[in-house]
Amino acid sequence: MSAAETKAVEPAVPVQRHPDVLRPQPAKSGRAPRKAGALLPYLLIGPTIVAIAAVFVWPLIKTTIMSFQDVGRRELWTGEAAPWVGFEQFSSIFGDPAFWDSVVLTVVFMAACVVVTLAFGLAISLMMQRMSTWVRLLVTAGLIAAWSIPLMVAASIFRWFADSDYGVANMVLTKYLGLDFQGHNWFLDAKQGFLVIGAVVVWGAIPFVAITLYAALTQVPKELEEAAAIDGVGAFGNFRYVVFPVIKPVFQMVATLSVIWDFNVLGQVWLMRGTKPEPEYEVLGLYAFNKAFESNSFSQGAAISLITVLLLSGVAVYYLRQLLKIGEVE
């Protein structure tokens, strides 16, 4: 064997390298490496935070301050400092029986509107699920059109429906159902008047509920419904044990929003009664408006608004929790 062949078969000797060779070398620049895009999320969300603070936070702070003062026309127009009265405004409000009557009326009216809205909205969403594509598109377009009608226009339409002389409701009840409603005034009785006002509220709320619940129904797995049908589960059982558990988070979210919106109803009552609502139509929002602008007690109006915020804070917290749960599920 030659010397060259002997050298070729000898095992390679490992080369010893200095540890510093394997260690990554630090950057030569004198400053720390910059995190690219670290400030971008804050820059993007900054305008939103500023807008929310300007539209919601600052008015809430001013309302809280006014509720502990005695602000009159002079202080409101001249900007002079109003005297502090502590909890006097709240004591006056809580001692007024009309306040508690308006709270009870608002809660009852809100509960009735929410139940009817959710029932009709869920029924429409279930029907949309079984419609053909073009019919569903027509229904969706109709819901969006109804949703886009301004409140003033919707109130005028329903006032015409319930008109005592030329109203469609009286004509249908008298001519086709044989009931004596000719010349009937629906607003003489507050219960019947709230029936018409509630129709305006439900009319404006159903499109959002129906479209949102239909979107949730599209996420129900067909395999679960088919398995339930194979096991002999009926239509009601399929909805109760298969469909509703899937759409329950969205249903709770829609119900919570409906509670918040219907609790703050003011424009529907105001417009349906021709901007002069009778005392029996005084919901909480109207009570606050009358105290602030009819009685020129701006501090009492601010205190009532703050009480309303506190009453709805629990509902708002529940709504946020539902949003967080939906995010965790997704």
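**Rings, charges and helices in a predicted model**

Trp-100 is partly exposed, because its relative accessible area is 44%. The structure it belongs to is a predicted model, and Trp-100 is a convenient place to enter it.

Aromatic side chains are the topic to begin with. Across the whole structure, a search finds 20 aromatic pairs. One of them joins Phe-99 to Trp-100: the ring centres lie 5.0 Å apart and the planes meet at 70°, so this pair is edge-to-face. How exposed or buried is Phe-99? Its relative accessible area is 2%, so Phe-99 is buried.

Another pair is made by Phe-289 and Phe-293, with ring centres 5.0 Å apart and planes at 40°, so the pair is classed as tilted. The cut-off for edge-to-face is over 60 degrees and that for stacked is under 30, so a pair at neither extreme is tilted. Both residues belong to helix H14, which covers residues 284–294, and four positions separate Phe-289 from Phe-293, or about one turn of the helix. Phe-289 is partly exposed at 25% relative accessible area, whereas Phe-293, at 51%, is exposed. The exposed class begins over 50%, and the value of 51% for Phe-293 therefore puts this residue in it.

Ring pairs also extend into a group. Phe-94, Phe-99, Trp-100 and Tyr-287 are linked by ring pairs into a cluster. Its members thus include the buried Phe-99 and the partly exposed Trp-100.

Charged side chains come next. Side chains of opposite charge can pair when their charged atoms come close. How many salt bridges does a search of the whole structure find? It finds two. In one, the side chains of Lys-291 and Asp-96 meet at 3.8 Å, N to O. Lys-291 is in helix H14, while Asp-96 is in the loop between helix H5 (88–94) and helix H6 (97–129), so this salt bridge ties together parts of the chain 195 residues apart in sequence. Asp-96 has 18% relative accessibility and so counts as buried. Helix H14 thus holds Lys-291 as well as the tilted ring pair of Phe-289 and Phe-293.

The other salt bridge is formed by the side chains of Glu-278 and Arg-273, at 2.8 Å, N to O. Glu-278 is partly exposed at 24% relative accessibility. Arg-273 counts as buried because its relative accessibility is 18%. Arg-273 also takes part in a contact with an aromatic ring: its charged end sits over the ring of Tyr-281, 5.6 Å from the ring centre.

Some individual positions show how helices are placed against other parts of the chain. Thr-256 belongs to helix H12, residues 235–263, and counts as buried because its relative accessibility is 5%. Which residues does Thr-256 touch, leaving aside its neighbours within four places in sequence? They are Val-315, Tyr-318 and Tyr-319. Tyr-241 lies in helix H12 too, but counts as exposed, with 59% relative accessibility. The C-alpha atoms of Tyr-241 and Leu-224 are separated by 10.0 Å, with the two positions 17 residues apart along the chain.

Ile-211 is located in helix H10, residues 190–217, and is partly exposed at 24% relative accessibility. When neighbours within four places in sequence are set aside, Ile-211 is in contact with Thr-140, Leu-143 and Ile-144. For one of these partners, Leu-143, the C-alpha atom is separated from that of Ile-211 by 8.1 Å, although the residues are 68 apart along the chain.

The surface has a nonpolar patch of about 830 Å². Ile-52, Val-55, Phe-56, Val-57, Trp-58, Ile-61, Ile-65 and Trp-84 make it up. Val-57 is found in helix H3, residues 40–67, and its relative accessible area of 41% makes it partly exposed. Residues enter such a patch if their relative accessible area is over 30%.

The whole-protein totals put these details in context. The protein has 15 helices and zero strands. Of its 330 residues, 33% are buried. Among contacts with a separation of 6 or more, 66% are between residues 24 or more positions apart. The accessible surface comes to about 21500 Å², and carbon and sulfur atoms account for 67% of it.

Terms used:
Residues numbered from 1 in each chain as written. Predicted model: local features only at pLDDT ≥ 70, side-chain atom pairs only at ≥ 80, totals over all residues. Heavy atoms only, no water. Patch = residues over 30% accessible without salt bridge, like charges linked within 9 Å, V, L, I, M, F, W, Y side chains within 5 Å. Areas by Shrake-Rupley, 256 points an atom, 1.4 Å probe, with all protein chains shown as cover. Salt bridge = Lys/Arg side-chain N within 4 Å of Asp/Glu carboxyl O. Helix = DSSP H or I, 4+ residues; strand = E, 2+ residues; numbered from the N terminus. Buried < 20%, exposed > 50% of the residue type's maximum accessible area, 1.4 Å probe, protein only. Contact = heavy atoms within 4.5 Å. Phe/Tyr/Trp six-rings, centres within 6.5 Å; stacked < 30°, edge-to-face > 60°. Lys NZ or Arg CZ within 6 Å of the ring centre and 35° of its normal.
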